Amino acid sequence: MTDKIVIATENAPAAIGTYSQAIKAGNTVYISGQIPLNPDTMEMVGDDFDSQVVQVFDNLKAVCEAAGGSLQHIAKLNIFMVDLANFAKVNEVMGQYIQQPYPARAAIGVKELPKGSLVEMDAVMIL
């Protein structure tokens, strides 16, 4: 069995439950869902989708870097939104953070997210 290594960084929000920011198993990193919490204050960055999606990508980036990779190493990205009308904005912001080849991705509409967030993302990264 492959050993699991806990990935943690102060540059992304601390876990707010019984989970790790990420777990590395072999050359695969499983990144827990990131919501738009400011890692310094552990407060939401705002109530608008634009600022929230940017913070989520910043949080994902920090966890990727703590694991020794980058957003470009993400193989699978799951995006959860309370309003799928924000799909175009996600594409716009994602294009500022990740270049081709893009990861495999799912965009899922949900009723609600932790702390009233409008967006959450989790990922699988290959190193």
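In which sense do strands E2 and E3 pair, and over how many bridges? In this predicted model, E2 and E3 run antiparallel to each other, and four bridges hold the pairing. One of the partnerships across the pair joins Ile 23 to Tyr 30 in E3. If you trace the chain from E2 into E3, you pass through a hairpin with two residues between the strands. In that hairpin, look for Gly 26, whose phi is positive, near 65°.

Strand E2, residues 22–25, also has a partner in strand E1, residues 4–7. These two strands are antiparallel as well, and four bridges join them. Among the residues taking part is Ile 7, which has Ala 22 in E2 as its bridge partner. E2 is therefore paired with E1 and also with E3, by the rule that a pair needs at least two bridges.

Now let us stay with E3 and pick out Thr 28, which belongs to this strand. Is Thr 28 buried or exposed? Its relative accessible area is 13%, so Thr 28 is buried, since the cut-off for that word is under 20%. Leaving aside residues up to four places away in sequence, Thr 28 touches Ile 23, Val 124, Met 125 and Ile 126. Of these, Ile 23 is the residue we met as the bridge partner of Tyr 30.

Next come some spots where the backbone does something to notice. Most residues other than glycine have a negative phi, and most peptide bonds are trans. Met 42 has a positive phi, near 60°, although Met 42 is not a glycine. You will find Met 42 in the loop that leads from strand E3 (28–34) to helix H1 (49–66). With a relative accessibility of 26%, Met 42 counts as partly exposed.

Further along, the chain passes through helix H2 (87–97) and then a loop before strand E5 (104–109); Pro 101 lies in that loop. Which form does the peptide bond from Gln 100 to Pro 101 take, cis or trans? That bond is cis, with omega near 0°.

The last stop is Lys 115, in the loop between E5 and strand E6 (119–126). Lys 115 is another residue other than glycine with a positive phi, near 60°. At 54% relative accessible area, Lys 115 is exposed, because that word applies to values over 50%.

Note on methods
Residues numbered from 1 in each chain as written. Predicted model: local features only at pLDDT ≥ 70, side-chain atom pairs only at ≥ 80, totals over all residues. Heavy atoms only, no water. Buried < 20%, exposed > 50% of the residue type's maximum accessible area, 1.4 Å probe, protein only. Contact = heavy atoms within 4.5 Å.
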